[in-house]
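Student: I'd like to learn how to read a model like this one, feature by feature. Can you walk me through it?

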Amino acid sequence: MRYNIIGKNIDVWDKTKEMVEHKLDRIQKLFPSDAAATITLSLEKLVSTVEVTIPVNRRTIRAEVQDADMTAAMDKAVDILEGQIVRYKKRMRSRVRQNGERDKAEYDAILIPEEDLDDTPLHKIEKIKHFEIKPMDAEEAVMEMEMLGHTFFVFRNGDTDEVNVVYKRKNGSYGLIEPEY
């Protein structure tokens, strides 16, 4: 696996690079050898943030962790990544069973031994909601989201007639998701 280590508000010294590579070596065996991990380290107000992004088979495995200690944040990020890749492999295994050879190449690209996977369901959907999607602009959707007290809101964009999503970001600003076909 290749590592691209980036520092924001922090100098990335050789010792830091060694620590990051050592921590990621624990999960390196789970990914194809040509995988590339982008690691962003930042320090703001004595809080260390570690963000790791690894693209795999048209998917992205990602973890972002904040902690007072950079090493502890890196450990937590690796734990999150490991859990995500195991869940992804389990999901792919069930798709291979359903669809046969069609999904086998994607499944085989993730290098987790079969005995490490169990057959427990990954996710259970407990509630299904139905609602009318009204045409509106993004600002109206943000107001509606705030009135409901939610962190996201699905709406039909009045200008494009496409289904969009507005959401509240961690920093308090808002984001808009528009589909691409």
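**Reading the model, step by step**

Tutor: Start with confidence: among the elements of the protein, helix H3 has the lowest mean pLDDT, 53, while strand E8 (residues 174-177) has the highest, 95. Keep in mind that this is a predicted model, and pLDDT is the predictor's own confidence in each residue, from 0 to 100.

Student: What is the mean pLDDT of the protein, and what share of its residues reach 70 or more?

Tutor: The mean is 83, and 83% of the residues reach 70 or more.

Student: OK, on to the fold. How many helices and strands does the protein have?

Tutor: Four helices and eight strands. Reading from the N terminus, the order is β-α-β-β-β-α-α-β-α-β-β-β.

Student: And how do I read burial?

Tutor: Check the relative accessible area: under 20% is buried, over 50% is exposed, and partly exposed sits in between. Here 31% of the 181 residues count as buried. Take Met74, which is placed in helix H2 (residues 70-99). Its relative accessible area is 0%, so Met74 is buried. You can also look at spacing: Met74 and Glu64 are ten residues apart in sequence, and their C-alpha atoms are 9.2 Å apart in space.

Student: Next, salt bridges. What's the general idea?

Tutor: Side chains of opposite charge can pair when their charged atoms come close. This structure holds seven salt bridges. One of them joins the side chains of Lys23 and Asp75, with N to O at 2.9 Å. Lys23 is in helix H1 and Asp75 in helix H2, so this pair ties together parts that are 52 residues apart in sequence.

Student: Lys23 and Asp75: which is buried and which is partly exposed?

Tutor: Lys23 has 19% relative accessibility, so Lys23 counts as buried. Asp75 has 29%, which makes Asp75 partly exposed.

Student: Which residue forms a salt bridge with Asp79?

Tutor: Arg26 does, and the closest N and O atoms are 2.5 Å apart. That pair links distant parts of the chain, with Asp79 in helix H2 and Arg26 in helix H1, 53 residues apart. Both ends are partly exposed: Asp79 at 43% relative accessibility and Arg26 at 35%. Don't stop at the pair, though, since Arg26, Asp79 and Glu82 are linked in a network of salt bridges.

Student: Where might I find a salt bridge between strands?

Tutor: Try Glu51 and Arg62, whose closest N and O atoms are 3.3 Å apart. Glu51 lies in strand E3 (residues 47-56) and Arg62 in strand E4 (residues 59-67), eleven residues apart. Glu51 is partly exposed at 24% relative accessibility, and so is Arg62 at 35%.

Student: Last one: surface patches. Which residues form the negative patch?

Tutor: Asp14, Glu18, Glu21 and Asp25. Residues need over 30% relative accessible area and no salt bridge to join a patch. Glu21, in helix H1 (residues 14-28), has 33% relative accessibility and counts as partly exposed.

Student: And which residues make up the nonpolar patch?

Tutor: Phe131, Ile133 and Val163, which together have about 250 Å² of accessible area. Ile133 is placed in the loop between helix H3 (104-109) and strand E5 (135-136). At 31% relative accessibility, Ile133 counts as partly exposed. While you're looking there, recall that H3 is the element with the lowest mean pLDDT.

Note on methods
Residues numbered from 1 in each chain as written. Predicted model: local features only at pLDDT ≥ 70, side-chain atom pairs only at ≥ 80, totals over all residues. Heavy atoms only, no water. Patch = residues over 30% accessible without salt bridge, like charges linked within 9 Å, V, L, I, M, F, W, Y side chains within 5 Å. Areas by Shrake-Rupley, 256 points an atom, 1.4 Å probe, with all protein chains shown as cover. Salt bridge = Lys/Arg side-chain N within 4 Å of Asp/Glu carboxyl O. Lys, Arg positive; Asp, Glu negative; His and termini not counted. Charge placed at Lys NZ, Arg CZ, Asp CG, Glu CD. Helix = DSSP H or I, 4+ residues; strand = E, 2+ residues; numbered from the N terminus. Buried < 20%, exposed > 50% of the residue type's maximum accessible area, 1.4 Å probe, protein only.
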